[in-house]
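Okay, everyone, thanks for coming. I'll put the structure up on the screen and we'll walk through it together.

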Amino acid sequence: MKKFVPYLTQKPISTYHIIQIVLGIIFSVYLLWRLYQVFIANPTYGPDTWARFAISGIVLGSVYALIAIGYTLVYGILFMINFAHGDVMMIGAFGGYFVFEALSFVPSPTPANPEEVFLNAHPIISVILAFAVGVSVSALSGYLLERVAYRPLRNAPRLVPLISAIGASIFLQNAAQLLFGAQRRDYTNPEQITRGQGWGIPIGESTVILTYTGVLTFVLSILIMLGLYLLVKRTRLGRAMRAVAENKSTAALMGINVDRVISQTFIISGALAGAAGVMWGIHLGLVFHFVGFLPGIKAFTSAVLGGIGNIPGAMLGGLFLGMVETTGPAILGIDFQLKDVIAFSILVLVLIFRPTGILGEVLSEEKA
Amino acid sequence: MSKRLYIVTAVLMIASMVFAACGPTTTPEPTAMVEPTTVSEEPTAASEEPTEPATGGEPEVCTSDAFGCAVIKPGQTIKIGMGGPMSGDNAAYGIDSAQAARIAVSDAGEFNGFTYELDAQDDLGTPEGGAAVANKFVADPQIVAIEGHVFSGATGAAMPIYEEAGLVMLSGSATNPGLTQNGSKVFNRGVFTDAVQGKFVAMYIHDILKLTKVAIMHDSTTYGQGLAEVVRDELMALGTEPLLFQAITPGEGDYTSVLADVASKSPEIIFYGGYAAEATVIVNQMDQSGLQDAILFGGDGIYGTDFIDRTKENGEGMYAASLVPPASEAVTAYNAKYEAAYGQEPGKLSPYSWTAYDAAAVLIQAIESVAILGDDGNLYIPRGALIDTVRGTKDYQGLSGVISCDETGECGSSGPVFYVVKDGDWVEAPK
Amino acid sequence: MKTQLRNGLQTGLAFWLISAFLFLIGFTDTAAVLFGDIIHDEDLRPGFGLTTGMVNMLFFLGLLGIWAGARAARAARAPGEALAAGIAAGLVHGLGVGGLAWLVGTLHESKVRMSTYLAQLLPETIQLFVLEKAPAEAAAWHFVLLLATGFAGGLLGFFLGRPGWREAIAAGWRQLSSHAGSLSTLQRIRASRAFGPSLAVLGIIVLFTLPLRLDQYWNYTLGTVGIYVLLGLGLNIVVGLAGLLDLGYVAFFAVGAYTVALLTAPAPHKLLWSFWVALPIGVLLAALAGVLLGIPVLRMRGDYLAIVTLGFGEIIRILSRSDILTGFTGGPKGVLNIGGPQFMPRLFSNEINFLYLILLCVFLAIFITVRLQHSRIGRAWEAMREDETVAGAMGINTLQYKLLAFAIGAAFAGLGGVLFASRNQFTGPEDHNLMVSINVLAVVIVGGMGSIPGVIAGAFVLKGLPEVLREMEDYRIVLFGALLVIMMLIRPEGLLPSSRRKLEVHQQDPNQPDEPIRGRL
């Protein structure tokens, strides 16, 4: 016998669904045609170029993934978009920058090279130190941000903490500009991991370079993400976070200190952003006051893509977005200038047509 | 609000609009330009006289001048405005030009008891910033001349605004050829144009470096794209077809995918039309994108200490254009002054130190030749006459060479000189 | 006592961080200049090897010290406790700032160029901060100053915090004023029916004759304020009346600006139409854009709507800047020589006339907004804003009204864009970035959502004030960000809110445990 489904919960097929399906089909057809063009009919790029695109995409994607997890964590608990998250990443990037700069002046002469500096003599320690400082500074910022700008507004209508977040973001960006100047700064990597150097892999007609910094970034991201996943699934803190995300008042009744858990969430999310910031600096080299803006939005796109509130979703979303950004213009045949348009378009389309994301949980009306 | 209030409001609004429209006009009606009158300088002893009631000392030339006179009262400064990027990645250019102009202003000393002042404003080097700064300057009655703007994009956007207000412009660094081709009467420049620069670049690549696989990239700005287009056209005229002509968006951190795309065509040399900020990022990412063996060639926008500091070893062997002032006592003296004041040799921050100084000096000389000291102690500077005087500058001996303006406003003389990075410094490239 | 000491230490620490931050962003310089302008003490000869600038800076720091002490003493119940708290705060504050002065001074003496890393630490700033003395001496000066002011602040805070003295003064004032008879003349005027309208008429007369007396620069500034009032009114309809948070508002502004640009400028299309023709076209196209943008986002709420609209705004900006559309939009170089309005045979672009045009448009917008607010449409919007589901249940076609809100709001923005581009004679893609949307949103929120006087106040404060305080040019944006946060913390309903909005904002959510919304500085 057919399962009895109450009439009122049957969703009628609305125009939205039809438009969704039609657009989806049109786009898939176009995509398939382009893939055919690019790979088979009219190959514009050799396998070496594709390898380069892919490597770029994966590395970039892993950075986005880290930042996206931060967004997801905060949204899952507080249902607010932490606009200032990208700027927390910027703070972490600056932290790492200053560590490298400082260490590049500390002399540590070796018999081989009397002019040697600490940075090059002990690269591993330097990198660890940079990460430590970057992560702590941004974790602290995340904590302060929550205490000052978000906690007092927890009961206010939705608009109010959003404006506060926007204000905090603007404040952080411009404070950084005033403090450190508006010019872009380059990370002084230890020599052993100079940007652009890596293992050469002959593919196709030329050698594709798998950069040291790229590998470092990717491996570290995966490790961090695994660690976070374990944290959320296996530890008490993780359980507490999930409980608070489910229902704050019930969690409070169960004896969980909601305020503390929220603070800890912000600290963790800040730490993740900080790690991402340092990685950004090491791999791409650029750090300046506005560096967090675009990656922040793209990371948010990744989080939404994967289903906001869903951690594995954020990771996958980040990697996906990174790949799309680097290979998209090539595949779709549009100018490379427009890769940001791709990211924003994905954001808009996903939010309009599938706000639950790819792996998403079903969000109730209140949460959406 | 009550209905009566609406009616009253509406009536008032219409009345005031009509009143303003029919009232005395402040927009000038174009009349024939007046010949600049030579003024005999009356050495006045005291400058800060307490303001006496104006005895109607406005000279006749002010009423007949198309744009009227700027009136500088005793105690006020004669202001020269400058728009340039003072913050952000390209701050080095704006700051350098402002510093050079300040030396010129202090060298000029006093004029009939009035001192000069440089009002340098940040226009971010963008057209939007240029227009905003221009609107500000036009509203300030003490500003009589504009040095700039420093970047071509900002200059282009600001030009119509100055044209309408009758403010003369003399730029020491805006190189885009189109700027003097639109019939502007107020804009002049004391530096080579990109038409010249592009031609030299193409010749250098073709004849001296003898490279045929050329990729061209630019940043879509007026300057960058303009220069890139000239280089492309000149290369094609010389028989080399560029492999591609690609725009990038300035401000991104990751150009590896664009560069991978370029690398797939295996160029030997990439010409980049744009500024140092992006060029350094590109150079740093060239290796990992498959462009290990290619060299980067840039225009005057790339030259400077920024490039070397930020590319370190990756920058070795890259080319850029700059200007070198012909050696003279004046240049040596200026270099010493600049270094004493700012702790750095001129020409390091940007190539435009000398042309910026010259621009300010020419403007000051023109001001002094048309200004009239009225009986009431005010200084009257007829704007239209000033525009003509600057345009008519001939055989002015400047630091960067002889400055003579033709009828379109091109005043500069020296062409670009190419430099290459060797051992961490810019050295002149072999001819 | 322990709490007092702890309060003191915590406050001292917080204020130390704040003072250090202010120094590092170079604000000590600016504060000195600002105070100098206010107090006009150029002729002061303070001695001790100090200049007036230094005295001003010390004055500023002293005020911070007093504030620290006052805040530390907030929980004190006796003067002794207050003193203890104040001294504790002053001690930490003073040690911190003194230590900083010593550090900076020593580094500076060893010729370390700190400005490579901390951009504001130019030699002049450092010299001012260390009072041009040896590092140890400067540190001592700061320490003593902040300790003393902490002490004073503690006492001051204690006495100001005590209930009673405020009521005493108020009672005294009432006594004085009531002596003058049952209803003073002032009160009678206020109560009369003609008061409101005649004040309005007076205001309008002033407003319309003012531009004739001001110079170009102020006219230009007032014009900018006016345009932002216009934009604010439009966003007010979308956000304040209909409750839809739109972060991509600048897209409509861009449509209006580019319409007038492309229709009246000689390049890239050589259309050279008249401004008066382009204006209604711009407004209509913007309204159309509003509808088009509204359709896909109809079903979204809150944060998601904000992000989607932000995405749309950015897409439009990037597209208008890109190569492919350069032929159509003029690309990154923008569009030059935008035409101005002609009235009778004369070109209109003189500032005063433009200002009148802007004022005219603002009044039109106010008129439309007021009529809308008090109409069925306005009430429908209010119902939707309060609770969409219930509004739908009451028979309001929410989709239709949302689209209407978007369209009207967009039309206002389009009008603003037309005026802005025409006045600037130029427009380019960077004129239409996210910050414009955020600025307009701030005007509405800080001024008071849903209230017209609020929007006007917001525009004056956020756009007019920075022009007045020119020395603070560099700090404009950072203050803007801080202002947003602070306003949300202490007065989220805005400066001049509508009374309804005030109630809404301070409503407690029944599901959450009671928590005060008001933070304290």
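Let's start with chain C of this predicted model. The centres of its domain 1 and domain 2, taken over C-alpha atoms, sit 42 Å apart. If you want to find them on your screen, domain 1 of chain C is residues 2-167, and domain 2 is 211-505, going by the domain assignment.

While we're in chain C, have a look at C:Gln425. You'll find C:Gln425 in the loop between helix H18 (398-424) and strand S4 (426-427) of chain C. Its phi is near 60°, which is a positive value in a residue that isn't glycine. Is C:Gln425 buried or exposed? C:Gln425 counts as buried, because there are 24 C-beta neighbours inside 10 Å, and 20 or more is what being buried takes.

Okay, moving to chain B. The domain assignment splits this one up too, into domain 1 (60-192 + 328-403) and domain 2 (195-322). Notice how domain 1 of chain B is written as two stretches of the chain, 60-192 and 328-403. The C-alpha centres of these two domains of chain B are separated by 31 Å. Where they touch, domain 1 of chain B puts in 16 residues and domain 2 of chain B puts in 15 residues. Which helix gives the largest share on the domain 1 side? That's helix H5 (residues 152-165) of chain B, with 3 residues. And if you sort the domain 1 side of that contact by class, you get 6 nonpolar, 8 polar and 2 charged residues.

Now let's look at the sheet in chain B. It's an open sheet of 6 strands, and the order is S3-S4-S2-S5-S6-S7, with mixed pairing. Quick reminder for the newer folks: strands in a sheet pair through backbone hydrogen bonds, and they can do that parallel or antiparallel. So, which strands are at the edges? Those are strand S3 (110-111) and strand S7 (187-189) of chain B, and each of them pairs on one side only. Zoom in on S3 of chain B for a second. S3(B) is joined by 2 bridges to strand S4 (residues 114-122) of chain B, and the two run antiparallel. If you like specific residues, B:Glu110 stands opposite B:Thr115 in S4(B).

There's also a helix lying across this part of chain B. Helix H12 (residues 353-370) of chain B crosses S2 (78-84), S3, S4, S5 (143-148) and S6 (168-171) of chain B. Relative to S5(B), helix H12 of chain B runs at about 155°.

Two spots in the chain B backbone are worth a stop. The peptide bond from B:Gly148 to B:His149 is cis, with omega near 5°. B:His149 is in the loop between S5 and H5 of chain B, and H5 is the helix we met at the domain contact. The other spot is B:Ser266, which has a positive phi of about 50° even though it's not a glycine. B:Ser266 is in the loop between helix H8 (256-263) and strand S10 (269-273) of chain B. B:Ser266 is partly exposed, because 15 other C-beta atoms lie within 10 Å.

Right, on to chain A. Chain A has 13 helices and 4 strands. Its radius of gyration is 23 Å, close to the 21 Å that the globule rule gives for 368 residues, so chain A is as compact as a globular protein of that length. Along its principal axes, the C-alpha trace of chain A spans about 85 × 60 × 40 Å. Buried residues make up 54% of chain A. And if you take the contacts in chain A between residues at least 6 apart in sequence, 74% of them join residues at least 24 apart.

Last topic: what chain A touches. With chain B, 26 residues of chain A meet 26 residues of chain B. On the chain A side, the elements giving two or more residues are helix H2 (47-78), strand S3 (206-211) and helix H12 (311-332) of chain A. H2(A) gives the most there, with 6 residues. By class, that side of chain A has 10 nonpolar, 11 polar and 5 charged residues.

With chain C, the contact takes 41 residues from chain A and 49 residues from chain C. Here the chain A elements giving two or more residues are helix H6 (159-180) and helix H13 (339-353). H6(A) gives the most, with 15 residues. The chain A side of this contact divides into 29 nonpolar, 8 polar and 4 charged residues.

How values were computed:
Residues are numbered from 1 along each chain as its sequence is written. Chains are lettered from A and ligands numbered from 1 in the order in which they are written. This is a predicted model: local features need pLDDT of at least 70, side-chain atom pairs count only at pLDDT 80 or more; totals for chains, interfaces and linings use all residues. Domain bounds come from an automatic or database domain assignment. Two residues are in contact if their C-beta atoms, placed from the backbone, lie within 7 Å. Ala, Val, Leu, Ile, Met, Phe, Trp, Tyr, Cys and Pro count as nonpolar, Asp, Glu, Lys and Arg as charged, and the others, Gly among them, as polar. The radius of gyration is taken over C-alpha atoms; the globule rule is 2.2 Å times the number of residues to the power 0.38. A residue is buried if 20 or more other C-beta atoms lie within 10 Å of its own, exposed if 12 or fewer, and partly exposed in between; C-beta atoms are placed from the backbone. Two strands pair if DSSP finds at least two bridges between them. Axes are lines fitted to C-alpha atoms, for helices over the stretch in contact, and angles run from 0 to 180 degrees between N-to-C directions.
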